[in-house]
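Please look over the structure below alongside these notes. They take one sheet and then turn to confidence.

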Amino acid sequence: MSINKSIIILASIFMTFFIGLGYSNPSQAFAQNLNFTYYTSWGSAGEEDGQFDGQNDVDFFNGKVFVPDYANHRIQIFDPEGNFISKFGEGGEGDGQFHKASALSMDSEGNIYVADQFNYRIQKFDNNGTFLAKWGSEGEGDGQFLHPHVPANDATGKLFVTDRDHPSVQVFSTDGEFLYRWGSEGEGDSQLSNPESSIVDSLGNVYIADYGNDRIQKFSNDGTYLSQWGTKGVANGEFQGPSGLSIDSNDNIYVTDKNNNRVQVFTSNGEYITQFGGADAGEGQLLDPEGVGVDKDSGTVYVADTGNTRIVVFKPS
């Protein structure tokens with residue numbers, strides 16, 4: 001048998017083995033050694049550039065860190081070291097204005113989608129903050145919101161928006177066309193209680209931070225229930241208010257466990273990997289963290305440390 005043929009056979013055995021273990025990506029099998037070290041932090045309470053008033057989310061795209069500055073009604077943009085670059089938005093009801101900018105996400109082209117919470121809508125901007133479109137109004141019907149939260153998007157051009165006060169997931173095109181929805185109030189499979197963030201993996205599966213039920217639920221792209229993990233508590237894999245979600249290049253899921261003052265990391269199947277944080281204001285500690293964003297190239301993690309009014313940065317070690 002030739003060497004090349006032997007390599008191909010071994011590679012096939014390798015893939016079959018790890019897929020059999022439940023890893024959509026075999027590199028997840030080595031993620032159990034994933035650890036994080038505190039790197040830096042920035043921000044303080046206030047209205048000036050680089051200051052915040054209730055930053056609930058953070059995201060990373062193309063070398064920039066985007067922070068929805070909730071009660072200052074704006075989006076601030078920083079470089080990876082925390083140097084202020086620019087901002088857009090102000091208080092109001094007009095195009096490009098916000099009434100509590102609570103969360104955001106980016107699509108593959110760099111367009112920005114902002115949950116404009118008390119204007120009951122989603123607004124779309126280009127990567128420079130230029131207003132492009134908006135949709136939504138107050139209500140419980142299709143395309144309406146009571147408390148819109150993080151709008152996750154997938155590679156096919158769908159946008160998934162959770163509604164904390166009308167527990168459901170609504171799905172739109174990136175132009176705001178309503179497509180379908182799922183979910184209802186409750187504790188059962190596929191039911192939700194105060195859902196917050198959503199995130200989509202490389203296979204199109206959707207993960208929801210089911211805040212009131214202290215769990216993460218996993219759905220197919222069309223809303224079919226697949227699995228869940230987590231219960232109320234303080235142990236590894238337990239939650240007290242899962243809030244923010246992000247995902248790395250290996251489809252590992254990062255969860256801000258708000259009232260446990262930490263970030264927990266899991267495989268896409270819900271297997272616990274690691275955690276970091278701890279309640280206080282010291283270096284590498286967190287207080288009521290709400291949002292999390294991952295640089296998929298470097299693995300650097302940015303946390304919206306809401307209670308300490310800052311962004312805290314961790315690097316894989």
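1. In this predicted model, four strands form an open sheet in the order β10-β11-β12-β13, and their pairing is antiparallel. The edges are taken by β10 (148-153) and β13 (178-182); each has a single partner strand, so one side of each is left without a neighbour in the sheet. From one strand to the next, the twist averages 25 degrees.

2. How is strand β11 joined to β12? Strand β11 covers residues 158-163, and six bridges link it to β12, with the two running antiparallel. The connection between β11 and β12 is a hairpin of four residues. Across this pair, Thr162 of the sheet faces Val169 in β12, standing opposite it.

3. On its other pairing, strand β12 (residues 168-173) meets β13 through four bridges, again in the antiparallel sense. Two of the positions can be followed by eye: Val171 stands opposite Tyr180 in β13, and Gln170 stands opposite Arg181 in β13.

4. The hairpin of β12 and β13 has four residues between its strands. Within this hairpin, Gly176 has a positive phi, near 95 degrees.

5. Is β12 mostly covered or mostly exposed? Strand β12 is mostly covered, with six of its six residues buried. Burial applies to both faces of β12: Ser168, Gln170 and Phe172 lie on one side, while Val169, Val171 and Ser173 lie on the other. Two of these buried residues have already appeared in the pairing with β13: Val171, on one face of β12, is opposite Tyr180, and Gln170, on the other face, is opposite Arg181.

6. Confidence should be read alongside the points above. The protein has a mean pLDDT of 91, and 90% of its residues reach 70 or more. Over residues 1-24, however, pLDDT stays under 50, and the model gives this stretch 19 contacts beyond four places in sequence. Residues 26-31 also have pLDDT below 50, with 16 contacts in the model beyond near neighbours in sequence. Where pLDDT is low, predicted coordinates should not be read in detail.

Note on methods
Residues numbered from 1 in each chain as written. Predicted model: local features only at pLDDT ≥ 70, side-chain atom pairs only at ≥ 80, totals over all residues. Heavy atoms only, no water. Pairing = 2+ DSSP bridges. Axes fitted to C-alpha atoms, helices over the stretch in contact; angles between N-to-C directions. pLDDT = per-residue confidence, 0-100. Contact = heavy atoms within 4.5 Å. Buried < 20%, exposed > 50% of the residue type's maximum accessible area, 1.4 Å probe, protein only.
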